[in-house]
Amino acid sequence: MIDIHSHILPGVDDGARTLGQALTMLRMAADDGVTVQALTPHINAMYKNRPEDLRAAFDRFVADASGIGVELRLAAEIAVSPEIPGMIAGERMPWVGAWEGRPAFLLEFPATLIPAGSLRLVGRLVASGVTPIVVHPERNRQFQADPTLLADYVKEGCLAQITSGSIAGEYGRTPFQTAIRMTEEGWVHFLATDCHDETHRPPGMKAGLRQAEEILGKEGARALVMANPSRLLGLATKEAP
Ligand SMILES: [Fe+2]
């Protein structure tokens, strides 16, 4: 499996605090069956990570984690903000990959609401040639109150990622039901862990994958953890027969 969203890179946000904790999390991911792990630290008002600093931290971690045998990629989880077009223009975007030739990034909304103007911002971004990936909409109160809002973002040209723990029922009833609905409707392209630690928000996609299989069948569910992420990260051609 390929996990496109994690907070394993240590010491840069509210994820892993120490190298030891990060290595433990990465070993858990490997044991769960993850072969490619994206490290996606927050870039938001609280964690103003600069791409060059993340790259330096990433290079150190790649060396420290070399024995674990999981391929690592660096990206980021970027909070919705009017600064995003400027980051793109300044070539300072930590892209997670590309979709149909268009660079893609992880886009986060606050937990409680969708800021006014977000759909318009997303429309401008798509028109400029990039693909936002809306992360964990099932954990946002406004999307929970009206899951069909996600359809608007997908129609606008976004992709969507739900959290494996949500659809596995590990984060409560509302994220669970919202994740189920979004998956049933076909608005979801990726399942990812968004892991932050070893206990409360741990690595692990298998339970979520099993739940997704109930809805989409084996092949449809595997697309969320294999075919689609592999296409996003540019691995698809390598895996083709
Ligand atoms: Fe995250």
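Here are four short exercises on this predicted model, each with a worked solution.

**Exercise 1. Which residues have the most contacts inside the largest nonpolar core, and which helix gives the largest share of this core?**

Step 1: Start with the size. The largest nonpolar core holds 61 residues.

Step 2: Pick out the best-connected members. Val96, Leu106, Ile133, Ala160 and Leu191 have the most contacts inside this core. Helix 9 (residues 206-232) supplies the largest share of it, eight residues.

Step 3: Zoom in on one of them. Skipping neighbours within four places in sequence, alanine 160 is in contact with Ile133, Val134, Pro137, Leu150, Val154, Met182, Trp187, Val188 and His189.

Step 4: Set that against the general picture. In soluble globular proteins, nonpolar side chains tend to be buried together.

**Exercise 2. Work out how helix 8 and helix 9 are arranged, and which residues make the contact.**

Step 1: Get the geometry. The axes of helix 8 (residues 173-184) and helix 9 come within 10 Å and cross at roughly 25°.

Step 2: Name the arrangement. Angles under 35 degrees count as roughly parallel, so helix 8 and helix 9 are roughly parallel to each other. As for handedness, helix 8 passes helix 9 in a right-handed crossing.

Step 3: List the residues that make the contact. Helix 8 brings Ile180, Thr183 and Glu184, while helix 9 brings Ala212, Ile215 and Leu216.

Step 4: Sort them by class. The contact of helix 8 with helix 9 has four nonpolar residues, one polar and one charged.

**Exercise 3. Do the same for helix 4 and helix 6: find the angle, the handedness and the residues that meet.**

Step 1: Helix 4 (residues 118-127) packs on helix 6 (residues 149-156) at an angle of about 20°, and their axes are 9 Å apart.

Step 2: With that angle, helix 4 is roughly parallel to helix 6. The crossing of this pair is right-handed.

Step 3: On the helix 4 side you'll find Leu119, Val122, Gly123 and Val126, which meet Asp152, Tyr153 and Glu156 in helix 6.

Step 4: By class, the contact of helix 4 with helix 6 splits into four nonpolar, one polar and two charged residues.

**Exercise 4. Is valine 135 buried or exposed?**

Step 1: Locate the residue. Valine 135 sits in strand 8 (residues 131-135).

Step 2: Check its surroundings. Valine 135 has 26 other C-beta atoms within 10 Å. The cut-off for buried is 20 or more, so valine 135 is buried.

Step 3: See who touches it. Not counting residues up to four places away in sequence, valine 135 touches His5, Glu77, Leu106, Leu107, Glu108 and Gln161.

Methods:
Residues are numbered from 1 along each chain as its sequence is written. This is a predicted model: local features need pLDDT of at least 70, side-chain atom pairs count only at pLDDT 80 or more; totals for chains, interfaces and linings use all residues. A nonpolar core is a set of buried Ala, Val, Leu, Ile, Met, Phe, Trp, Tyr and Cys residues joined through C-beta atoms within 7 Å. A residue is buried if 20 or more other C-beta atoms lie within 10 Å of its own, exposed if 12 or fewer, and partly exposed in between; C-beta atoms are placed from the backbone. Helices (H or I, at least four residues) and strands (E, at least two) are DSSP runs, numbered from the N terminus. Two residues are in contact if their C-beta atoms, placed from the backbone, lie within 7 Å. Axes are lines fitted to C-alpha atoms, for helices over the stretch in contact, and angles run from 0 to 180 degrees between N-to-C directions. Angles under 35 degrees count as roughly parallel, over 145 as roughly antiparallel, 65 to 115 as roughly perpendicular and the rest as oblique. A crossing is left-handed if the near helix is turned anticlockwise from the far one by less than a right angle, and right-handed if clockwise. Ala, Val, Leu, Ile, Met, Phe, Trp, Tyr, Cys and Pro count as nonpolar, Asp, Glu, Lys and Arg as charged, and the others, Gly among them, as polar.
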